[in-house]
Amino acid sequence: MTRLLRWHPPLMLFSLLMTALTLLSAGGLLVDDRILAGSPIWFKPFKFSVSLVVYGVTLAWMLTFVTRFRRLAWWAGTAIAVAGSVEMTIIITQVLRGRRSHFNVATALDATLYSVMATTIVTLWAMHAIIAVALMFTRFEDRAAGLAIRLGLGLALVGLAVGFLMTQPVPGQDPAAGVVGAHSVGVPDGGPYLAATGWSTTGGDLRVPHFVGIHALQVLPLVVLLLRRRANTALVWGAAIGYAGLMALVTWQALRGQPLLRPDAATWAGAAAVLAWTGASTTWALRRRPAPPAPSTPEREAVPA
């Protein structure tokens with residue numbers, strides 16, 4: 001455990017804090033029956049806490065590989081930990097107040113808190129980009145793993161950016177009503193939703209591509225880990241292009257106001273194309289002989305130089 005904490009102490013401590021908030025939110029779901037915007041009031045902090053635990057630990061691990069711009073990358077990771085902590089503090093505060101955290105401009109205080117949250121997410125996005133650039137200049141002993149990390153960071157950056165689409169005013173939405181922006185497309189927020197995720201079952205939901213994109217951060221490295229010595233850069237490129245196609249597909253589906261589990265013929269055709277590409281590229285890549293490893297570079301921890 002001590003070794004894991006040394007990956008990047010601020011991010012690992014942040015992840016421990018998010019773990020504690022996950023337990024707190026789970027308790028809230030059990031004992032607090034308040035409903036907000038159509039779902040249990042503690043559901044949002046629970047989902048955010050779980051997601052941030054995974055995000056924080058993944059970034060901390062990736063920062064152990066950085067060999068160039070180490071100080072800058074370390075401070076970028078620290079800024080992400082701070083930004084995420086501020087974001088979750090506001091979400092929990094609004095839950096305790098019985099108020100919405102996102103899209104809420106009903107009062108001066110609500111609007112101020114939402115504005116601070118907007119600043120934290122822009123900060124997190126920018127710091128994520130800095131870490132991605134630092135790892136672009138890092139030489140990896142395992143080329144497939146290095147490529148998976150780089151492409152995962154890049155796709156996650158796009159997935160994070162999808163969140164900005166939710167902040168745009170919905171057609172016909174009156175800011176005077178106290179809400180600006182929405183998760184759903186074509187239907188109001190707060191309608192019927194999938195139990196495990198909260199995603200709309202009657203309209204499009206931008207949280208779907210947001211979720212898919214962010215978790216490229218874990219999916220691509222896991223592909224290399226699961227295939228071990230059979231993994232190669234061709235496999236990673238094929239998987240990344242397929243994953244990008246999936247992101248584009250679910251974004252297009254959401255923007256058309258279509259529920260995830262009720263695809264039309266066009267969406268089915270897109271899904272078939274993504275599956276065909278991924279299957280064909282994976283089969284071709286696994287038949288290739290793996291490239292020889294790059295010259296060994298000693299691993300260094302992501303701490304200030």
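Two residues are in contact when heavy atoms of theirs lie within 4.5 Å. By that count, residues 24 or more positions apart account for 71% of the contacts in the protein with a separation of 6 or more. The model discussed here is a predicted one.

Start with the overall layout. The protein has ten helices and four strands. Along the sequence they follow the pattern α-α-β-β-α-α-α-α-β-β-α-α-α-α. The radius of gyration is 20 Å, close to the 19 Å that the globule rule gives for 305 residues, so the protein is as compact as a globular protein of that length. The C-alpha trace spans about 60 × 50 × 30 Å along its principal axes.

Next comes the surface. Of the 305 residues, 43% are buried. The protein exposes about 15100 Å². Carbon and sulfur atoms supply 70% of that area. The chain also carries 24 positive and 12 negative charges. The mean positions of these two sets are 13 Å apart.

Now look at helix α2, which covers residues 9-31. Two of its residues show contrasting surroundings. Leu13 belongs to α2 and counts as exposed, because its relative accessibility is 53% and the cut-off for exposed is over 50%. Thr22 sits in α2 too. Its relative accessible area is 13%. Buried means under 20%, so Thr22 is buried. Leaving aside neighbours within four places in sequence, Thr22 is in contact with Phe46, Ser49, Val50 and Val53. Leu13 also gives a sense of distance. Leu13 and Ile149 are 136 residues apart in sequence. In space, their C-alpha atoms are 22 Å apart.

The contacts of Thr22 lead on to helix α3, residues 43-63. At 1.5 Å a residue, its 21 residues should span 30 Å. The end C-alpha atoms are 30 Å apart, which agrees. Many side chains can be followed here. The buried residues of α3 include Phe43, Pro45, Ser49, Leu52 and Val53. Further along, Tyr55, Gly56, Thr58 and Leu59 are also among them, as are Ala60, Met62 and Leu63. An α-helix has 3.6 residues a turn, so residues three or four places apart point the same way. What covers the buried residues of α3 includes α2, β2 and α4. The cover also includes α5 (108-136), α6 (143-162) and α8.

Helix α4 follows, at residues 70-97. Its 28 residues should span 40 Å at 1.5 Å a residue. The end C-alpha atoms are 41 Å apart, which agrees. After α4 comes Gly98. Its phi is positive, near 75 degrees.

Backbone angles deserve one more look. Most residues other than glycine have a negative phi. Ala37 has a positive one, near 50 degrees. Ala37 lies in the loop between β1 (35-36) and β2 (39-40). With a relative accessible area of 42%, Ala37 is partly exposed. Arg228 has a positive phi as well, of about 50 degrees, although it is not a glycine. Arg228 is placed in the loop between α8 (216-227) and α9 (233-255). Its relative accessibility is 62%, so Arg228 counts as exposed.

Key: Residues numbered from 1 in each chain as written. Predicted model: local features only at pLDDT ≥ 70, side-chain atom pairs only at ≥ 80, totals over all residues. Heavy atoms only, no water. Helix = DSSP H or I, 4+ residues; strand = E, 2+ residues; numbered from the N terminus. Rg over C-alpha atoms; globule rule 2.2 N^0.38 Å. Buried < 20%, exposed > 50% of the residue type's maximum accessible area, 1.4 Å probe, protein only. Areas by Shrake-Rupley, 256 points an atom, 1.4 Å probe, with all protein chains shown as cover. Lys, Arg positive; Asp, Glu negative; His and termini not counted. Charge placed at Lys NZ, Arg CZ, Asp CG, Glu CD. Expected span 1.5 Å × (residues − 1).
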